[in-house]
Each structure stands twice: as structure tokens, then as C-alpha cells.
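Reader: Could you walk me through this one?
Author: Sure, here it is.

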Amino acid sequence: MGIKGLNALVKEHAPHAISSCEMKGLFGRKIAIDASMCLYQFLIAVRQQDGNMLTNESGETTSHLMGFFYRTIRMVSNGIKPCYVFDGKPPVLKGGELEKRLKRREDAEKKAEEMKETGTVEELQKFERRTVRVTRQQNEEAKKLLKLMGIPYVEAPCEAEAQCAELSKSGKVYGAASEDMDTLCYSPGHFLRNVTAAESRKLKIEEFDIEKVLEGFQMDINTFVDLCILLGCDYCETIRGIGPVTALKLIKEHGSIENIIKAIEGNEKSKYKIPENWPFNEARQLFLNPEVTPSGDVELKWVEPDIEGLIEYMVKENGFSEQRIREGATKLSKALKGGTQGRLDGFFKVTSTKRVAKEEVKKTTTKRKKK
């Protein structure tokens, strides 16, 4: 779900924290990508002309395989080195949100059945897309494909976004790519949106700098996380009636959720009511101290794709065109070999003008003394 209203608040209060670029602007960058988000996107977006998912002869869905194969090749061809991060076990606090999602899916399934009788094709497809869920089998199929492609992946112990942020924060990769704004709460070095959707939807990639976000809001990470919990996250409900503008105003005025609770409970005329047994502190800890695999224990290697293995898996087992898979695999192999060149900003350190001036004065003085 992400954080409700956070994107709009950042654009209003910390616009300098956001920059945008084309995919080629990330040339030479290693990027950790939320694979679970990609799976969901591909299952919704990659369809046949009649609106149905791609399937193999056995009737098993293959939309996600096509999505991963071609989107990854596009990224690598633009000089990006992607690694994918898969969700682990969801935290207990997320159970309520998962139940809500299940209920919405069940409602969508009922609506889809109704649309088969009374609705248009477009209405039917709209509700069918809402019934999409990612299975364990589809996760494993995506991992198998990535291994054959020579692309590394990481299995997170818990939330994929948190693991992506850990890899970025430590410098193992440049940025953490996801569509969920809650990735910012894990303090990644750089947070990237639209990486997996940029070309197909002609969107520019947005890059968020967490330090500049905090600077714009005039907060530290602890206060920022409290703001995000007030806005609404996957881990606990919000205080009813408090929207983005009010949440920001309250956190600026009181500094923490504890102080906001005291102010509300101490005001008999307050229109806000704190939820019973509100686990805001547990949610806070999930953001500030998430369960992740330390970057030092993660090895990322981009290797030569197994072309014949890809033919066996994608063509013989899943019915894709052999010519297209061979062409894609050859393109991937060439791009991976040619992607070893680094970025110029990785070779040069930015030196302040004051330091340069001091060094020049020192050199001039030394020369004069020698004369």
C-alpha cells in the first residue's frame, strides 16, 4: 500500500529532494528492485489482446516470465545492473492489512462474476485485474528465470523494500527501486520509482534523496517515520479524521506520536479518538529496525546467461518463441559484457572550491620560497 499522501507532501515541502531521469541516466548503476512489486505489475499488465494473461500449453500463467525477461533486458541494455529482492515472511503487524486485501480481492471476484452476465468486456477486465494475486509458484518461477539469465536475486527475511534499502544504504547498490513510498522510511541511500514501468508507460524515473527529504521537512528520521505512521501504513490503522495536512501540522507542533496522543487525550474538546491498543510503536520499530540480511552477507554477481537453459525453460516448457528468446538472450549477454564500464562520477571525488583554492595558494607559496 505504501504511505498515504506522502508523495504529494514530499513534492510540496521537499521538491529539491526529487530528481528525474530517463532509464539511460542510471547507466553504470547497480539497483536493488522490489521483485514482489514487479510480479504483481507483470501479472496485471502483461496480457494478450483479448485481455487474458499469457499462459503455456498446460494453462499455467506466464505473464510474469515475459515481464521479467524483457524488462530486465531493457534495463541491462541501458547499462543498469539490476538485482531483485523477494519478500520473505510478512511481519505479524501486517496481518490486518493482508486481511483487508483478501477481502477486496474476494469482493472483486464477486463483481467479476456479475460482469460476466451484465457488464462490458472493459468492466469485466477491470475487476479481473483486481483479483490478481502472486503465488509461491510464480515467485519460484521468476527466481529460476533470473538465475538462467545470470541476474542475481536476494530472498529477504521479511519485507523486500527494507532489504532493498539495506543494500542501498550500505553502498552495495546505488538505489532501492519500488513503487511503495514506505521505502523511504527504511532510509535507503537513494529511492527510485518507475524503474520497472518507465519505458512501457513513458514515465521518467523519479529519484528521492532521503537526506534532502528530511531537510525539507526539517525532521530527523524518527520524526519522519512517526509522520508516515500518522499518514497511514501497512502496519497499523490511523487516527480517524487526521489527513496529510493535519498529520504534518501535528507532528511539527508536538514532535512525536506520544506527544500527539497526550495532547489529544488532554483536550476534552478534541474531535480525534486514539484507536484502542494502537501498535504505533511496534510499527515504528519495523521501519527503524527492520529484519534484514546484512549487506556484508549478501553476494551479488552478474554472470553470463545460460542460453540453452533459457531455451529449455522459456521455449520448450513455457511456449515462448525460440527466435525471440535467443535474440533476447544474445542481447542480454552482450549488454552484461559491455556493462563493466563505470560511471565517471565513480572515478572522481567532488572537491570543494575552498579546498581547491587553499591547495593552489599553498602550491604558489611553496614555489616562491624555492625561488
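Author: One term up front: contact means heavy atoms within 4.5 Å. This is a predicted model, where local features need pLDDT of at least 70, side-chain atom pairs count only at pLDDT 80 or more, and totals for chains, interfaces and linings use all residues. Residues are numbered from 1 along each chain as its sequence is written, and side-chain values use heavy atoms, leaving out hydrogens and water.

Reader: Which strands stand at the edges of the sheet?
Author: Strands here are DSSP E runs of at least two residues, and helices are H or I runs of at least four, numbered from the N terminus; two strands pair if DSSP finds at least two bridges between them. The open sheet has 7 strands with mixed pairing, in the order S1-S7-S6-S5-S2-S3-S4. A single partner strand is there for each edge strand, so one side of each lacks a neighbour in the sheet; these are S1 (18-21) and S4 (153-155).

Reader: What is the bridge partner of Val-85 in S4?
Author: S3 (residues 81-86) pairs with S4 in the parallel sense, over 3 bridges. In S4, Val-85 is matched with Val-154.

Reader: Where is Glu-179 found, and how far away is the nearest side chain of opposite charge?
Author: Glu-179 sits in the loop between S5 (175-177) and S6. Glu-179 is buried (under 20% relative accessible area, 1.4 Å probe, protein chains only). No salt bridge (Lys or Arg side-chain nitrogen within 4 Å of an Asp or Glu carboxyl oxygen) is made by Glu-179; the nearest side chain of opposite charge, Arg-193, is away by 4.2 Å.

Terms used. Buried means under 20% relative accessible area, exposed over 50%, partly exposed in between (1.4 Å probe, protein chains only). Lys and Arg count as positive and Asp and Glu as negative; His and the chain ends are not counted.
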